[in-house]
Amino acid sequence: MDFHLLFLSCNKSHLAKRLHALLVVSGNAHNIFFSTRLVNLYADLGNVSFSRLAFEQIPKKNVFAWNSMISGYVRNGCFPEALDCYYQLLTMSRVRPDFFTFPAVLKACGDLVDGKKIHCWVFKLGLCLDLFVAASLIHLYSRFGFVGDARIVFDEIPVRDLGSWNAMISGFCQNGKAADALGVFEELRLEGVKLDSVTVSSILPVCAPLDDLVRGMLIHVYVIKHGLEFDVFVSNALINMYSKLGSLGHAQQVFDQMMVRDLVSWNSMVAAYEQNDDPITALGFFSKMKLNGFQPDVLTLVSLASIVAQSKGCRNGRSIHGFIMSRGWLMEDIFIGNAIVDMYAKLGSIDSAHKVFEGMPVKDVISWNTLITGYAQNGLASEALEIYCLMGQCKGITPDQGTLVSILPAYSHVGALQQGMKIHGRALKTGLHMDIFVGTCLIDMYAKCGRLDDAMSLFDQVPRQSSVPWNAIISSYGIHGHGEKALKLFGEMQDERVKPDHVTFVSLLSACSHAGLIDQGHRCFRLMLEDYGIQPSLKHYGCMVDLLGRAGHLDMACEFINNMPIRPDASVWGALLGACRIHGNVELGTFASDRLFEVDSQNVGYYVLLSNIYANVGKWEGVDKVRLLATDRGLKKTPGWSSIEVNNKVDVFYTGNRSHPQCEEIYKELGVLLAKMKSLGYVPDYSFVLQDVEEDEKEDILTSHSERLAIAFGIISTLPKTPLRIFKNLRVCGDCHNATKFISKITEREIVVRDSNRFHHFKEGICSCGDYW
DNA sequence: TTAGGGTTAG
């Protein structure tokens with residue numbers, strides 16, 4: 001009987017069992033050659049327990065048998081069993097492991113302790129120079145992040161084969177060391193060795209982090225020339241390279257030309273469109289993937305969660321969460337948990353995000369960063385700060401670049417300069433201050449906390465080849481009202497050949513708008529389209545309407561809206577409404593608010609704005625009507641609050657609030673100030689009192705506005721002439737603006753008030769933005 | 001009869 005042929009034809013577990021029986025019946029069961037083949041056969045068919053049974057039945061196990069059993073476990077992902085088997089080999093048999101044993105055993109190592117122990121054995125047996133063992137050792141050290149040790153093993157190999165080169169390249173690559181990976185790749189090329197599909201699929205992932213599309217394309221040419229494009233790993237790596245570098249067309253082309261596609265190919269296409277902001281096409285690929293018989297895995301779901309977050313589909317979010325729960329993935333995969341936290345946060349359901357976070361069995365630094373960013377981006381800065389504190393108490397979690405990037409905007413938001421500076425100190429200690437994203441957040445933080453000079457000197461230190469820090473510094477000058485300087489910086493950016501993006505133009509247009517630079521704003525808008533081919537988004541249109549409207553060109557603003565090629569959203573109508581408030585145009589304001597409420601009826605700020613317009617001209621029926629409308633829709637006015645940081649502590653004041661421990665002193669100070677202000681010619685402007693009340697009551701209302709409480713608190717809590725920095729969550733009212741001018745003169749203090757819109761610098765009775773607020 | 005090195009995510 002030809003057992004050799006029978007072995008070859010067994011492709012199902014039940015056939016293997018029949019063959020097993022046949023071997024027993026024919027008296028060949030104890031033949032070590034056949035029984036070892038049986039061990040391998042069962043393992044290949046995924047039947048580990050029968051593989052073990054066949055192994056146990058071998059009376060005198062030789063090294064072939066042990067190796068087959070160990071590698072059988074490894075091929076089936078049973079790593080602890082493989083290691084056990086290896087230790088049994090060492091302790092219970094007289095067989096010595098050989099260079100066939102170690103590649104499998106090294107793969108089975110669960111941690112570096114196991115790995116080092118086994119490396120010692122390899123060394124004792126003199127097997128370090130075996131190329132297969134060496135490649136496995138390089139892989140092992142890289143897997144646990146010890147790529148330096150991997151390099152030592154690599155350097156000790158006298159004559160390397162392609163396998164060891166490939167192991168080293170992918171080792172660097174998987175540890176985020178793209179440049180080192182490329183260095184090894186270049187050495188390999190110098191040797192003139194022909195690359196194989198493994199080399200190519202290992203090196204392709206470095207192109208994206210190095211932003212090197214040309215290299216990626218050259219490798220693609222090599223692939224075609226050497227017929228490597230039929231390897232599914234190579235094609236998948238090409239798809240990912242192109243997609244990450246923004247060349248979706250090329251990615252699509254590679255996918256279309258593939259003869260055989262696997263789950264990775266489909267996942268890569270879904271992710272490609274999702275990451276290039278085309279959630280609809282991404283979803284299309286997801287459907288086609290299912291039609292082609294592929295079941296989604298964890299990675300598919302990560303992309304789906306991002307798609308849902310992008311397209312704001314709350315209900316889909318719940319069903320994705322449910323699907324993941326039903327598979328139990330949330331319990332075993334930290335990545336998917338983080339993705340769901342991120343998804344809920346982006347959908348604005350921060351409570352659901354927090355709940356998922358709480359339920360995660362293991363949290364890593366990214367889980368914490370995601371939650372902090374979620375709170376910060378939902379406007380809940382103090383909650384974000386609380387989470388950051390909790391994170392600090394959590395053992396084993398060290399804040400990283402992502403943490404600083406998530407926490408700094410929260411400090412900027414509440415104007416906590418001193419605490420933000422602490423983060424700056426931490427960044428300096430860890431060297432993260434030169435990181436482009438941390439550097440940019442620091443620029444933004446200093447600018448938003450009123451330290452424009454510090455922001456500028458930081459800008460001078462960070463790398464500035466990308467648009468990111470430029471956008472931050474241009475926006476900083478913009479919110480401080482220095483439109484000309486913002487434009488000058490934009491000029492420098494062009495001189496340094498840094499390509500502006502859509503964010504640059506939002507910053508520029510809003511800088512022009514705050515400074516009343518109409519012509520320059522128009523010029524920027526044209527430049528964006530004509531020279532840089534950037535299609536204006538709703539944000540750009542909103543800025544233009546703001547620019548025209550703020551300067552009093554209400555007709556031009558309306559005409560601009562009428563000529564828009566896309567449907568105006570709330571930000572565009574909101575800009576027009578804001579302009580109507582400044583220029584007291586009730587009729588157009590009513591029209592703008594009607595359009596506005598059609599597209600967004602839930603933003604309470606717009607109701608307040610409209611109510612202000614009516615109150616300003618004493619149309620109290622209008623005020624009542626708006627109030628009723630807002631109440632009917634279940635909206636409540638956002639309470640106005642101001643904060644000030646004194647001695648490392650942020651104090652928050654609500655309008656009319658009398659619960660502060662130093663409340664009496666504060667109101668006393670305000671009374672003294674009011675008298676002095678009046679003697680200098682201050683006349684309260686009651687048009688900013690939105691309630692229909694008696695005159696004397698109106699004065700009290702103005703005096704207890706939150707920004708004045710914060711200013712008075714600052715005056716009594718700091719040494720004379722100390723500058724005061726106030727943050728207000730809403731817009732500063734016109735009367736407070738005027739009053740602050742007087743206060744800056746009387747107290748000889750510099751007072752900086754940042755409101756939800758811009759900065760106001762008061763010094764010696766003058767505001768840098770004049771009366772134009 | 002037994003062995004290494006590869007592609008996707010928050």
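Entry 1, the end of H43. I looked up the backbone just after helix H43 in this predicted model, and found that Glu 748, which follows H43 directly, takes a positive phi of about 55°.

Entry 2, the length of H43. I then checked the helix itself, which runs over residues 734–747. Its 14 residues, taken at 1.5 Å a residue, should span 20 Å, and because the end C-alpha atoms lie 20 Å apart, the span in the model agrees with the expectation.

Entry 3, burial and packing of H43. I went through the helix for accessibility and noted that H43 is mostly covered, with 11 of its 14 residues buried. Among the buried residues I listed Gly 734, Asp 735, Cys 736 and His 737, together with Phe 742, Ile 743 and Thr 747. When I asked what the buried residues of H43 pack against, I found helix H40 (663–679), helix H41 (695–703) and helix H42 (706–717), as well as strand S4 (751–754), strand S5 (759–763) and strand S6 (766–767).

Entry 4, the second largest pocket. I turned next to the second largest pocket, which holds about 640 Å³ of space. Its lining consists of 25 residues, of which Lys 107, Ala 135, His 139, Ala 167 and Ser 170 are the closest to the pocket's centre.

Entry 5, the make-up of that lining. I sorted the lining residues of the second largest pocket by type and obtained 12 nonpolar, 9 polar and 4 charged. By element, H5 (63–75), H7 (101–108), H9 (131–143), H11 (162–174) and H13 (197–203) each supply at least two residues of this lining, and the largest share, 7 residues, comes from H9.

Methods
Residues numbered from 1 in each chain as written. Chains lettered and ligands numbered in written order. Predicted model: local features only at pLDDT ≥ 70, side-chain atom pairs only at ≥ 80, totals over all residues. Heavy atoms only, no water. 1 Å grid on protein atoms, 1.4 Å probe; cavity = no way out; pocket = protein on both sides within 12 Å on 5 of 7 lines; lining within 4 Å. Points joined across faces, edges and corners; volume = space filled by probe spheres on them. Helix = DSSP H or I, 4+ residues; strand = E, 2+ residues; numbered from the N terminus. Nonpolar A, V, L, I, M, F, W, Y, C, P; charged D, E, K, R; others polar. Expected span 1.5 Å × (residues − 1). Buried < 20%, exposed > 50% of the residue type's maximum accessible area, 1.4 Å probe, protein only. Contact = heavy atoms within 4.5 Å.
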